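Student: I should like to examine a model and ask, for each label attached to it, what criterion stands behind that label.
Tutor: Please display the sequence and the structure, and we shall begin.

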Amino acid sequence: ALIETIACARPIGRAGELRWSPRTGEVAGLEIARDRAPFADLRATSEIGRFDTLHSTALGKAMLSRMPEADRQSMLADARLVAFTEHTVTDRGELARRIERAASVGYAIDDQENEMGMRCVAAPIVNADGRPVAALSISAPASRMTDAAISRIGAELVVTTARIAAQ
């Protein structure tokens, strides 16, 4: 149960630099689910081809929010919920509540759980069966990613991922 960064917006001609999302002015990322390998100690910064954990990222929680309950429980049963920052959720009950909230509103939040000073909002992209295959995210420094920004960007991501899924 890994997530792999497969695309980050990058400017043409400048390898290694992230491009800002034109609508939000923040970093955009796309990640896909990988097979059910152990994921406790794998994490990444926004680099293509790198892996990260599901429990500490908005992308991971977004994908978990659209999984059938039995699949989600199976995937998380043996997972070590490693703390990467003082905000990382390591309590299974609290993680379940955050995943349920993500399922309810359509997007998940990383509130400095993966990297101090950064917040992220992500929405899952589902296949024709409604199963998550990827997630789209917007990340920004916590000073700019306010609760109001999360609500606005989250709503935009829900619309955008629905359009992607419909294609």
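Student: Why does glutamine 112 count as buried?
Tutor: Buried means under 20% relative accessible area, exposed means over 50%, and partly exposed lies in between, with a 1.4 Å probe and protein chains only. Glutamine 112 has 16% relative accessibility and therefore counts as buried. Please note that this is a predicted model, in which local features need pLDDT of at least 70 and side-chain atom pairs count only at pLDDT 80 or more, while totals for chains, interfaces and linings use all residues. Residues are numbered from 1 along each chain as its sequence is written, and side-chain values use heavy atoms, with hydrogens and water left out.

Student: Where is glutamine 112 found, and what is notable about its phi?
Tutor: Glutamine 112 sits in the loop between strand 4 and strand 5. Its phi is near 60°, a positive value in a residue other than glycine. The hairpin concerned has 6 residues between its strands.

Student: What makes a segment a helix or a strand, and how many of each are there?
Tutor: Both are DSSP runs numbered from the N terminus: helices are H or I with at least four residues, strands are E with at least two. The protein chain comes to 4 helices and 6 strands, in the order β-β-β-α-α-α-β-β-β-α from the N terminus. Of its 167 residues, 44% count as buried.

Student: How do you know that strand 4 and strand 5 pair?
Tutor: Two strands pair if DSSP finds at least two bridges between them. Strand 4 and strand 5 are joined by 4 bridges and run antiparallel; alanine 108 has alanine 122 of strand 5 as its bridge partner. Strand 5 and strand 6 are joined by 9 bridges, again antiparallel. Alanine 122 is bridged to serine 137 in strand 6, and isoleucine 125 to alanine 134. In the hairpin of strand 5 and strand 6, with 5 residues between the strands, glycine 130 takes a positive phi near 85°.

Student: Why is strand 5 called largely enclosed?
Tutor: Of the 9 residues of strand 5, 8 are buried, so the rest of the structure largely encloses this strand. Strand 6 is mostly covered, with 8 of its 10 residues buried.

Student: How do you know that the span of helix 4 agrees with its number of residues?
Tutor: The expected span is 1.5 Å times one less than the number of residues. Helix 4 (residues 147-166) has 20 residues and should therefore span 28 Å; its end C-alpha atoms are 29 Å apart, which agrees.

Student: Which residues of helix 4 are buried, and what puts them on the same side?
Tutor: The buried residues of helix 4 are Ala149, Ile150, Ile153, Gly154, Leu157 and Thr161. They cover an arc of only 120° around the axis, so they lie on the same side of helix 4, the arc being that of the directions from the helix axis to the C-beta atoms. The face turned away carries the exposed residues Ala148, Arg163 and Ala166. The buried residues pack against strand 4 (108-111), strand 5 (118-126) and strand 6 (132-141).

Student: What makes a set of residues a nonpolar core?
Tutor: Such a core is a set of buried Ala, Val, Leu, Ile, Met, Phe, Trp, Tyr and Cys residues joined through side-chain atoms within 4.5 Å. The largest has 13 residues, and among those with the most contacts inside it are Val121, Ile138, Ile150 and Leu157. Strand 5, strand 6 and helix 4 each give two or more residues to this core. A second, separate core of 10 residues includes Leu54, Met67, Met75 and Leu95.

Student: Which residues of helix 2 are buried?
Tutor: They are Arg72, Met75 and Leu76. Their arc is only 90° around the axis, which puts them on the same side of helix 2. What covers them includes helix 1 (58-65) and helix 3.

Student: Why does leucine 81 count as buried, and which residues is it in contact with?
Tutor: Leucine 81 has 12% relative accessibility and therefore counts as buried. Leucine 81 lies in the loop between helix 2 (69-77) and helix 3 (92-105). Contact means heavy atoms within 4.5 Å; leaving aside neighbours within four places in sequence, leucine 81 is in contact with His55, Val89, Thr90, Asp91, Arg92 and Leu95.
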